[in-house]
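Let's work through a few exercises together. Take your time with each task, then follow the solution step by step.

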Amino acid sequence: MKPLMLHGHERAITKIKYNREGDLLFSASKDKKPNVWYSLNGERLGTFNGHNGSVWCIDVNWDTTRFMSGSGDNTLMIWDCETGKVIGKLDTNSSVRTCSFSYSGNLTVYSTDKALGHQCEMFIIDTRNVDAGLSRQDTIHRISIDGPRISAVLWGALEETIITGHEDGVINIWDVTTGKKINTNKGHKTQINDMQMNKDGTMFVTASKDHTAKLFDSDSLMLLKTYKTERPVNSATISPILDHVVLGGGQDAMDVTTTSARQGKFDARLFHLVFEEEFARLKGHFGPINSLAFHPNGRSLSTGGEDGYIRINTFDQSYYDFHFEY
């Protein structure tokens, strides 16, 4: 298995995301330019130029017409995928930490950091008629978060709910129509770094600093499975075709030493979804893995690291031949 190495960023990768068909891979990093690549051959299609700070979160809608990015320069931008032009820009009080399109692409949720005396806030906006005049007046809900900030966000089923993961490890479900909290669960001990749905949206996996990834029911927030490692987990993703979960992480960037790569601290680790057992590892990065994404067809896995590289690993036949004995 020889991975494709994509190097178009000057600083650490913060987020990678496939579009629904999987032909394009979008990436964001701590430099100020999100990129888009052809996932088949790793060729760079273009960049989105306009931000003035680290880009923390990105998302693309289901028909790949709109792309969204939230940055440390206190803006959320919505772009035209085809031309790379900005079609809407929202100014916020602090960094935009998470953002997500709803499944239909009509609604968008984004959240801001708790900083500079401002509370963490979550906004739900309608993005159907986005233009240069996009402003806070278009907000459907503005929810102030009293406690620790939101560090990950997902849309629930039928766009009726929003699931948020927080810095203190709590998971909340919000009602989109009323903006009220309807369910909560203390899922982790410390910060949730990433949350990703499975293919049909019935379960989601969380990655946390407390060295675990956990599988939850997306309706009741019931804990289903726990995947344990001995270092912080920055990202986790579920295979769309097999019962596999992949965890990526490593130490905090400031704790990294040269021996860490040799000891396998930066490997992507494959676990069985049901049995919670680790069965394989993917080597390659020279720093912690910050973001993971499965191709929608389940045949390849992309990893984005602190070293600024994205690696697209296409699985060999032996991956599909491997079966757990039970």
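**Exercise 1: A pocket and its rim**

The second largest pocket holds about 210 Å³ of space. This is a predicted model, where local features need pLDDT of at least 70 and side-chain atom pairs count only at pLDDT 80 or more, while totals for chains, interfaces and linings use all residues. Residues are numbered from 1 along each chain as its sequence is written, and side-chain values use heavy atoms, with hydrogens and water left out.

Task: Sort the lining of the second largest pocket by class.

Step 1. Know the term: on a 1 Å grid over the protein atoms alone, a pocket is an open set of points with protein on both sides within 12 Å along at least five of seven lines, and lining residues have an atom within 4 Å of a point. A volume is the space filled by probe spheres set on the points, which are joined across faces, edges and corners.

Step 2. Find the lining, which includes L242, D243, H244, V274, F275 and Y326.

Step 3. Sort: Ala, Val, Leu, Ile, Met, Phe, Trp, Tyr, Cys and Pro count as nonpolar, Asp, Glu, Lys and Arg as charged, and the others, Gly among them, as polar. The result is eight nonpolar, three polar and one charged residue.

**Exercise 2: Enclosed space**

Task: How many cavities of 30 Å³ or more are there, by this rule?

Step 1. A cavity is a set of grid points where a 1.4 Å probe fits but cannot get out.

Step 2. The count is two.

Step 3. The largest cavity has about 70 Å³ of space. Of its 12 lining residues, R231, G248, G249, G250 and R269 are the closest to its centre. By class, this lining has three nonpolar, five polar and four charged residues.

Step 4. The second largest cavity has a volume of about 40 Å³, and its lining includes A268, K283 and R311.

**Exercise 3: A charged pair**

Task: Is E121, the salt-bridge partner of R142, buried or exposed?

Step 1. A salt bridge is a side-chain nitrogen of Lys or Arg within 4 Å of a carboxyl oxygen of Asp or Glu. For R142 and E121, the N to O distance is 2.9 Å.

Step 2. Buried means under 20% relative accessible area, exposed over 50%, and partly exposed in between (1.4 Å probe, protein chains only).

Step 3. E121 counts as buried because its relative accessibility is 12%, while R142, at 46%, counts as partly exposed.
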